[in-house]
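This briefing introduces a protein with a bound ligand. Please look over the sequence and the structure before reading the points that follow.

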Amino acid sequence: MPLKYFIKRHNLYSTPKLSTAINPVDIGVRVEVPAAIMEDLTSKVYEPKFVYFSKTFDDKVRTFCVNPYGEVVMENIDGIWTVNGHSYANQRTENTNFAILCSTYFTEPFKEPVLYGKNISKLANFLGNGVLVQRLGDIKRGRRSNEKRIAKNLVQPTLKSATPGDLSFVLPYRYLVNILEMLEALDQVIPGIASPYTLLYGVEVKFYSLRINLSPVLETEIRNLFAAGDGAGITRGLIQASVSGVVVAREILRRFS
Ligand SMILES: Cc1cc2nc3c(=O)[nH]c(=O)nc-3n(C[C@H](O)[C@H](O)[C@H](O)COP(=O)(O)OP(=O)(O)OC[C@H]3O[C@@H](n4cnc5c(N)ncnc54)[C@H](O)[C@@H]3O)c2cc1C
């Protein structure tokens, strides 16, 4: 049955029946390393996904949006500058970048994850007139990066407009610890990732759409109405969105057979 008839028949326009849940916010940094360090991996899997549970906080931390031979870019979300990355089909830099993100689910009474993410990003804008960049070695030594240190760094930033600074004045302790721990863990799989020359840009933030309450097979509170992908607020990535579609398709097939 076409969706508009389904909505009309269940009177969904006038009596909303779908309850919603509070979504997480993903906060982290964009990491930039020499492309050669990740070549062995990215030549086989274009976008490797790693998930790590931090030792200190037992938080889920993940890699996202790997851009082999790509560049780091700025993104404007409602007037706030955040960081992102992309690769070109026919143009290469010497670096590879990817995000490390920590997901936070806030509990009662706080209900404003988007505002929280925006305010952390605003802090970086406030201190650095936009996006901040810091060498991993400087973070570990408890000092800011400056023009001079960045100029002599082995990895040169592809985002030239990023301001050298100190991300520890921006990112809450919990996120910083999670990110540093994940980099150390990744270094065991990709040697060189946690080198002092690795660049971290902040802040990268990902917001989710409004999340509606769904069953384990992604059925809404209305029988036979399913919701999948980013629009349903349950995913925030290509693979997860695709898999959620498969979950729904399998359930529909099971009901028909
Ligand atoms: C700039 C950017 C970079 C990203 N980078 C990465 C990455 O590197 N790695 C990663 O894993 N994920 C990345 N993502 C996230 C990824 O693109 C999404 O998670 C994924 O595309 C979600 O798939 P989806 O099918 O749920 O929704 P979508 O891909 O958004 O598809 C929804 C479709 O519905 C259509 N539509 C909307 N409204 C209507 C309507 N009323 N009627 C009919 N059609 C409609 C839209 O046109 C669209 O084609 C990125 C997203 C963005 C925006």
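How far is a nitrogen atom of the ligand from an N or O atom in the side chain of Glu-47? The distance is 3.0 Å. The model discussed here is predicted. The protein has seven helices and eleven strands, and 47% of its 257 residues count as buried. Its C-alpha trace spans about 65 × 40 × 35 Å along the principal axes.

**The ligand and its surroundings**

- Besides the contact with Glu-47, an oxygen atom of the ligand lies 3.0 Å from a polar backbone atom of Gly-237.
- Leu-238 also takes part through its backbone, where an N or O atom is 2.8 Å from an oxygen atom of the ligand.
- On its own the ligand has 1,000 Å² of accessible area, and the protein covers 35% of that area.
- Two or more residues of the shell around the ligand come from each of the elements β4 (60-67) and α7 (238-256).
- The residues that surround the ligand are Glu-47, Lys-49, Phe-64, Cys-65, Gly-229, Asp-230, Arg-236, Gly-237, Leu-238 and Ala-241.
- Sorted by class, this shell contains four charged, four nonpolar and two polar residues.
- The ligand lies between domain 1 (3-19 + 211-256) and domain 2 (24-206), because both domains give residues to the shell around it.

**An aromatic cluster**

- The structure holds four aromatic pairs.
- One of them joins Phe-106 and Tyr-116, whose ring centres are 4.8 Å apart and whose planes meet at 70°, an edge-to-face arrangement.
- This pair links distant parts of the chain, ten residues apart: Phe-106 is in the loop between β7 (95-104) and α3 (113-128), while Tyr-116 is in helix α3.
- Phe-110 and Tyr-116 are also edge-to-face, because their planes stand at 75°, with the ring centres 6.4 Å apart.
- Phe-106, Phe-110 and Tyr-116 form one aromatic cluster.
- Phe-106 has a relative accessibility of 21%, so it counts as partly exposed.
- Tyr-116 is partly exposed, with a relative accessible area of 25%.
- Phe-110 counts as partly exposed as well, at 31% relative accessibility.

**Asn-125 in helix α3**

- Helix α3 also holds Asn-125.
- Is Asn-125 buried or exposed? Its relative accessibility is 14%, so Asn-125 counts as buried, the cut-off for that class being under 20%.
- A polar atom of the Asn-125 side chain lies 3.0 Å from the backbone oxygen of Gly-130.

**Pro-196 in a loop**

- Pro-196 is located in the loop between α6 (173-189) and β10 (199-206).
- With 44% relative accessibility, Pro-196 counts as partly exposed, because this class runs between 20% and 50%.
- Although Pro-196 and Asn-153 are 43 residues apart in sequence, their C-alpha atoms are 9.1 Å apart in space.

Note on methods:
Residues are numbered from 1 along each chain as its sequence is written. This is a predicted model: local features need pLDDT of at least 70, side-chain atom pairs count only at pLDDT 80 or more; totals for chains, interfaces and linings use all residues. Side-chain values use heavy atoms; hydrogens and water are left out. A residue is near a molecule or strand if one of its heavy atoms lies within 4 Å of it. A polar contact is a pair of N or O atoms within 3.5 Å; within protein, one must be able to donate a hydrogen and the other to accept it, and residues adjacent in sequence count only if both atoms are side-chain atoms. Accessible areas come from the Shrake-Rupley method with a 1.4 Å probe; for residues, only the protein chains shown count as cover. Helices (H or I, at least four residues) and strands (E, at least two) are DSSP runs, numbered from the N terminus. Ala, Val, Leu, Ile, Met, Phe, Trp, Tyr, Cys and Pro count as nonpolar, Asp, Glu, Lys and Arg as charged, and the others, Gly among them, as polar. Domain bounds come from an automatic or database domain assignment. Rings of Phe, Tyr and Trp (its six-membered ring) pair if their centres lie within 6.5 Å; planes under 30 degrees apart count as stacked, over 60 as edge-to-face and the rest as tilted. Buried means under 20% relative accessible area, exposed over 50%, partly exposed in between (1.4 Å probe, protein chains only).
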